[in-house]
Amino acid sequence: MFIVDYIKEVFGAIKSLGTGMRRTFWYFVHPKEIITEQYPENKENGQLILAERFRGEVVMPHDENNEHACTGCTACELACPNGTIKIVTKFDITPEGKKKKAIDQFVYRLEMCTMCNLCVEACPSDAIIMTNDFEHSVYDRNELTKILNKPGSKIRDGIE
Amino acid sequence: MKFSLEYITKSVDGWLNATFNPTIAFLIESVIVMVLVIALFAFLGLVLVIMERKVAAFMQIRLGPNRVGPKGMFQTVADTLKLIVKEGFTPNNVDKFLFNLAPFIVMITAMVAMAPLPFANGFQIWDVNIGILFITAITSVSVIGILMAGWSSNNKYSLLGAMRSGAQIVSYELSAGLSILVIVMLSSSLRISDIVAAQADGWWIFKGHIPVLISFVIFIIAATAETNRAPFDMAEAESELTLFFLAEYANIFIVCAVGATLFLGGWMPLHFGTGTAFNTVMDYIPGIVWFFGKTFLLIFIIMWFRWTFPRLRIDQLLNLEWKYLLPICLVNLLLATIIAIAGWHF
């Protein structure tokens, strides 16, 4: 029956429009739902909350003995799609007189990094992680080329 | 004593007529009215833009403008200052006269349509006996301004946009007119003060049963379409047709004021029946507050539409008008006629 379908269509349309309007009105009268971050202010009063998985910058965590977990395997350098990471290796002499590969400099070019997280996933010893820090603006682009291993640091014992 | 704007206008009129001869007094009154209307429109532009942005923000779980002034309330003032210092630009190959005239036509029709609107008891520019017909006739003229802008800009896309916009306005005027007719029939007068007076014992939307409810919904839809607002804004008047955004808000105010006057009683306070204590309490709220309250309620509903519904295509838009709204309107008109003749409304 054409006329029944017609009336059904009209009422169906009204019902679906009403559903949408109920949702937007619910948001209108619930200002607590607002998800806008008031950026510079919320930093001052400590309400700036970023998701834990937010990717801001690659860092290499060091423990209290100034030791890191990087073996210099260059897996991250190979995994990086745009050449952000450059690992300069050297050879340490172990107490037994053997030569052992270690990192001299972990060069990280923040300006080229797309925060894709592939280096962190490629790392076999979890030596690098992504932090939430996102305020990277500087006046000189040279400051964006960072050496991630701290001076005088060495590899933690037991990591091969 | 109750607050009355009629008292102020009467005393100004009396003083002018006592001081000058009637012709000069009339001229001075006309100038005062013009200045007031222009001031009202400038003010509405400022208020409605910030209202639109705030309503949009809250409906989309955002904050909206919040930097200029308390809670961002002076944002539109700053925007207006910025717009004032912009260069007025006319492209090379346009018909300069029509191109520059078009926005004025749209703006002036909105201003002229305000003439028969009663803002409060006796606070009305021109109580003409065909008031509602006058408003529908004048608002139809704005389509000429839109077509003029599209034609004179000498650009095929502008012309297409103007044609679509024209088709939209012309077709939706039908349902708007038919839904207004329901109220005209029930109050049996075209004079707006009579229509408002007929709602002294209850607004039409309460008194008029289902036909008035249907025609109210259809009027709101048609009003949204006629002002070229979302979800009917595929013509995007302000970007393609050189109409400055104030015209959009002026038109919204006019159609919402008409809707408030016809369906929600205009300046008439909320009354149920006659002579109850509730009515007396409601009478203490001035008519101008009622008028602007109802108008802004309707404006809010139209903004609510805009930030909820997705935009229609041009074929869907014309389908909606010709296959749904117009038949419903005609059946509804029949129903309202039966109710008006049988006297079943309250």
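**Two chains, helix by helix**

Let me begin with helix α4 of chain B, residues 96-112, which has 17 residues and reaches 25 Å from its first C-alpha to its last, close to the 24 Å expected at 1.5 Å a residue. Please keep in mind throughout that what we have on the screen is a predicted model. Although the span of α4(B) is close to the expected value, the helix bends by about 30° at B:Ala102, and a proline, B:Pro103, follows within four residues. B:Ala102 is also one of the buried residues of α4(B), and the others are B:Ile105, B:Val106, B:Met107, B:Thr109 and B:Ala110. It helps to recall here that an α-helix has 3.6 residues a turn, so residues three or four places apart point the same way.

Now let us turn to another helix of that chain, α14, which covers residues 314-342. Helix α14 of chain B has 29 residues, and from its first C-alpha to its last it reaches 41 Å, close to the 42 Å expected at 1.5 Å a residue. Where is the kink in α14(B)? It lies at B:Leu325, shortly before the proline B:Pro327, and it amounts to about 35°. B:Leu325 is buried, and so are B:Leu317, B:Leu320, B:Glu321, B:Ile328, B:Cys329, B:Asn332 and B:Ala336, a list that includes a glutamate and an asparagine. These buried residues of α14(B) pack against two other helices of chain B, namely α6 (156-187) and α9 (209-226). After α14(B) comes B:Gly343, whose phi is positive, near 70°.

From the helices I would like to move to the way chain B is divided. The domain assignment gives domain 1 as residues 1-86 and domain 2 as residues 94-342 of chain B, and the centres of these two domains, taken over C-alpha atoms, are separated by 20 Å. Between them, 18 residues of domain 1 of chain B are in contact with 20 residues of domain 2 of chain B. Which helix gives the most to the side of domain 1 of chain B that touches domain 2 of chain B? That is α2(B), with 11 residues, and by character the residues on this side divide into 11 nonpolar, 4 polar and 3 charged.

The two domains of chain B also share an interior. The largest nonpolar core has 74 residues, and those with the most contacts inside it are B:Ala222, B:Ala250, B:Ile254 and B:Cys256. Helix α11 of chain B, residues 245-263, gives the most to this core, with 13 residues, and the core draws at least three residues from each of domain 1 and domain 2 of chain B. If we follow B:Cys256 and leave aside its neighbours within four places in sequence, we find it in contact with B:Thr295, B:Leu298, B:Ile299 and B:Ile302. A second, separate core has 15 residues, and it includes A:Cys70, A:Cys76, A:Phe106 and A:Leu148.

That brings us to chain A, for which the domain assignment gives domain 1 (2-35) and domain 2 (57-155). The C-alpha centres of domain 1 of chain A and domain 2 of chain A lie 54 Å apart. Where the two chains meet, the contact takes 13 residues from chain A and 10 residues from chain B, and on the side of chain A that touches chain B the residues divide into 9 nonpolar, 3 polar and 1 charged.

Let me finish with some single residues. Most residues other than glycine have a negative phi, and with that in mind we can look at A:Asp126, which has a positive phi of about 50° although it is not a glycine. A:Asp126 sits in the loop between α4 (118-122) and β5 (129-131) of chain A. Is A:Asp126 buried or exposed? It is exposed, because 11 other C-beta atoms lie within 10 Å, and a residue with 12 or fewer counts as exposed. B:Lys71 has a positive phi too, of about 55°, although it is not a glycine, and B:Lys71 is found in the loop between α2 and α3 (75-84) of chain B. With 14 C-beta neighbours inside 10 Å, B:Lys71 counts as partly exposed.

Finally, B:Met282 has its place in helix α12 of chain B, residues 277-283. B:Met282 and B:Pro269 are 13 residues apart in sequence, yet 5.9 Å apart in space, C-alpha to C-alpha.

Definitions and conventions
Residues are numbered from 1 along each chain as its sequence is written. Chains are lettered from A and ligands numbered from 1 in the order in which they are written. This is a predicted model: local features need pLDDT of at least 70, side-chain atom pairs count only at pLDDT 80 or more; totals for chains, interfaces and linings use all residues. Domain bounds come from an automatic or database domain assignment. A nonpolar core is a set of buried Ala, Val, Leu, Ile, Met, Phe, Trp, Tyr and Cys residues joined through C-beta atoms within 7 Å. A residue is buried if 20 or more other C-beta atoms lie within 10 Å of its own, exposed if 12 or fewer, and partly exposed in between; C-beta atoms are placed from the backbone. Two residues are in contact if their C-beta atoms, placed from the backbone, lie within 7 Å. The expected span of a helix is 1.5 Å times one less than its number of residues. The bend at a residue is the angle between axes fitted to the seven residues ending there and the seven starting there. Ala, Val, Leu, Ile, Met, Phe, Trp, Tyr, Cys and Pro count as nonpolar, Asp, Glu, Lys and Arg as charged, and the others, Gly among them, as polar.
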